[in-house]
Amino acid sequence: MNHGKKYGAVSVGSIMLLSLIASACSNSTDQPEASKSATATVSPTAASTAAVAVDPLGKYDPPIEVTTVRSVDATFKYAAGDSIDSNIWTKIFEQDYGIKVKNTWAVDGTQYHQKLNVSIASGDIPDFLEVNKEEMKRLSDARMLEDLTKIWEQYSSPFLKSMLNQDGGVGLKAASIDGKLYGIPHTFSNGGISTAEMIYVRTDWLQKLNLPEPKTMDDVFKIATAFAKQDPDGNGKADTIGLAVNNNFWDYGHGSLRGFFNGYHAESDIFIKNAAGKLVYSSIQPEMKAPLKKLQELYKDGVIDKEFGVKPPAKIQEDVAAGRVGLAYGYVSDGGFIQKENHTKDPKAQWRAYPIVSIDSQPASPQLFDTANTFYVVKKGAKHPEAAIKLANIYINRFYEKSYAPDPNPFITDAKTGIMAAKYAPVTMDALNTNLDAYHQVQDALKKGDGSKLGFPASVHFDRMTKFKAGDDSMWFANMVMGDGGSYSVIDQYNNAKLGQYNQFLAPATPTMAEKLPTLKKKVAETFTKIIMGDSPIDDFDKFADEFQKLGGDKIEQEVNDWYAKNK
């Protein structure tokens, strides 16, 4: 299943969080210094199939040249004399590691996949490149990709191996076809457990109406109803929304209902394992009926905005900013820029993030996005197939292991110029728990009253949290993310409890899925919306579930389980 749209939504939030609280990637001071040896690297093409001891950061002597292609956009800004072809990273690679990276072409991101498809069709691809799941499968089927299984084991650094196993190997499994590794997952710092939904609640309204904090789904219903009916803003008008819902509620964005469904132990738009060990499409499972029935009741009772069906996530953000919303499900970065706008306009508005809650005694487990949606692959027959892995080693070494902090630091967006040189690197990836680790470091430093030993980005968070605690309300947004009641305190609770549900189908779309699932998902959206709005009775869910299977769902599940049988 292609989750590009969904993962992209989370990435936007990650970028917003990055720009607001400088949470790009961490220079963890806990990691051992990587070897600085300049021993020559042995290419696996020249080595025997047996493992050869190599330095993951070793310099090529003589130097090598590798080709790639690039996706760029308006956020790629350069200092005078720099370009995507010549910059701080090209110099680092060539001077320190003997790797000259040549861009065969570079286009705007909106044109990247179109141009890439032309290259794939002609059989003309560079030594390594970034592709999505479908492109990786096409290249593999055409036998145009190098099997990286042994090369990965030999050339990836211990830190890179550890970093890409923070999700239990989900990303690496997604990069594998028939048990062979064909790609390196492009992971993000707000990935993994950090993609779980949480509940954002206006605590000043809770206090005003003498309401409990949300610990059960019944609490959520009670709070939402009171926020809609008891005039929490005190203006004498019935103009507040109890539970914010966007028109893509089954999908993503602030005002999503994924966390609401998860509270009923139901998941939206992923494949899950049923009691028989078979993968099934989550949106049509029996567990989904009860939350839809409750949402229908809340809508009828005026707790949900009557206009939700025409409100995209951006409109929900406007409602929050205008003080019309007091409860919404959202993501880890939302408080730092969505709730922030409300507080900026009304300093009395106070928010807190809470874990999703359960309808019964069983804990609610939030569903998670794929840990990677694109992958770095290598052309079959490339002279140096290990080069892409070594570039990844170098990138994360500079980010995490080397405490790399020149002036200007390439990993922080320059506030004056908008330049973030980290984007220039042809292979980039972040540890999924970068920001969670930073949260732990910041909380510990705040307790000790000393942040002098913190590396980036924890040092930035600590500085802003210190200012907030000293009374600087402009740092309120930082507290919403890194504070005691901030979003990362929720992610920390999920992580400690080992909660989280990944999509169990990690491969590219199957033939029937590619042909029919987009249409079937539109029917899911239409059916769910009609049920919530009371235009269809709740029992229509059962009829729709049967129809879904007859219209292609059964065939999709068969293909998904054929894949699963080979890739458990």
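**Exercise 1. Determine which residue caps the N-terminal end of helix α2, and describe the buried side of this helix.**

Solution. Step 1: N87 caps the N-terminal end of α2, with a side-chain oxygen 2.9 Å from the backbone nitrogen of W89. A polar contact is a pair of N or O atoms within 3.5 Å; within protein, one must be able to donate a hydrogen and the other to accept it, and residues adjacent in sequence count only if both atoms are side-chain atoms. Helices (H or I, at least four residues) and strands (E, at least two) are DSSP runs, numbered from the N terminus.

The model is predicted: local features need pLDDT of at least 70, side-chain atom pairs count only at pLDDT 80 or more, and totals for chains, interfaces and linings use all residues. Residues are numbered from 1 along each chain as its sequence is written, and side-chain values use heavy atoms, with hydrogens and water left out.

Step 2: In α2 (residues 88-97), the buried residues are W89, T90, I92, F93 and Y97. Buried means under 20% relative accessible area, exposed over 50%, and partly exposed in between (1.4 Å probe, protein chains only).

Step 3: Viewed down the axis of α2, these buried residues fall within an arc of 160°, so they line one face of the helix. The arc is that of the directions from the helix axis to the C-beta atoms. An α-helix has 3.6 residues a turn, so residues three or four places apart point the same way.

Step 4: The cover over the buried residues of α2 includes β2 (99-108) and α14 (387-401); contact means heavy atoms within 4.5 Å. Just after α2, G98 has a positive phi of about 70°.

**Exercise 2. Describe the largest cavity and identify the element that gives the most to its lining.**

Solution. Step 1: The whole structure holds five cavities of 30 Å³ or more. On a 1 Å grid over the protein atoms alone, a cavity is a set of points where a 1.4 Å probe fits but cannot get out, and a pocket is an open set with protein on both sides within 12 Å along at least five of seven lines; lining residues have an atom within 4 Å of a point. Grid points are joined across faces, edges and corners, and a volume is the space filled by probe spheres set on the points.

Step 2: The volume of the largest cavity is about 50 Å³. Its lining residues include W89, T90 and F93.

Step 3: Both α2 and β2 give two or more residues to this lining, and α2 gives the most, with three residues.

Step 4: The lining of the largest cavity has six nonpolar, two polar and two charged residues. Ala, Val, Leu, Ile, Met, Phe, Trp, Tyr, Cys and Pro count as nonpolar, Asp, Glu, Lys and Arg as charged, and the others, Gly among them, as polar.

**Exercise 3. Locate D178 and relate this residue to the second largest pocket.**

Solution. Step 1: D178 lies in the loop between β4 (176-177) and β5 (180-181). This residue is not a glycine, yet its phi is positive, about 55°.

Step 2: D178 counts as exposed because its relative accessible area is 58%.

Step 3: The second largest pocket has a volume of about 590 Å³. Among its 26 lining residues, the closest to the centre are K137, S140, D141, I177 and D178.

Step 4: At least two lining residues of this pocket come from each of α4, β4 and α20 (540-566).
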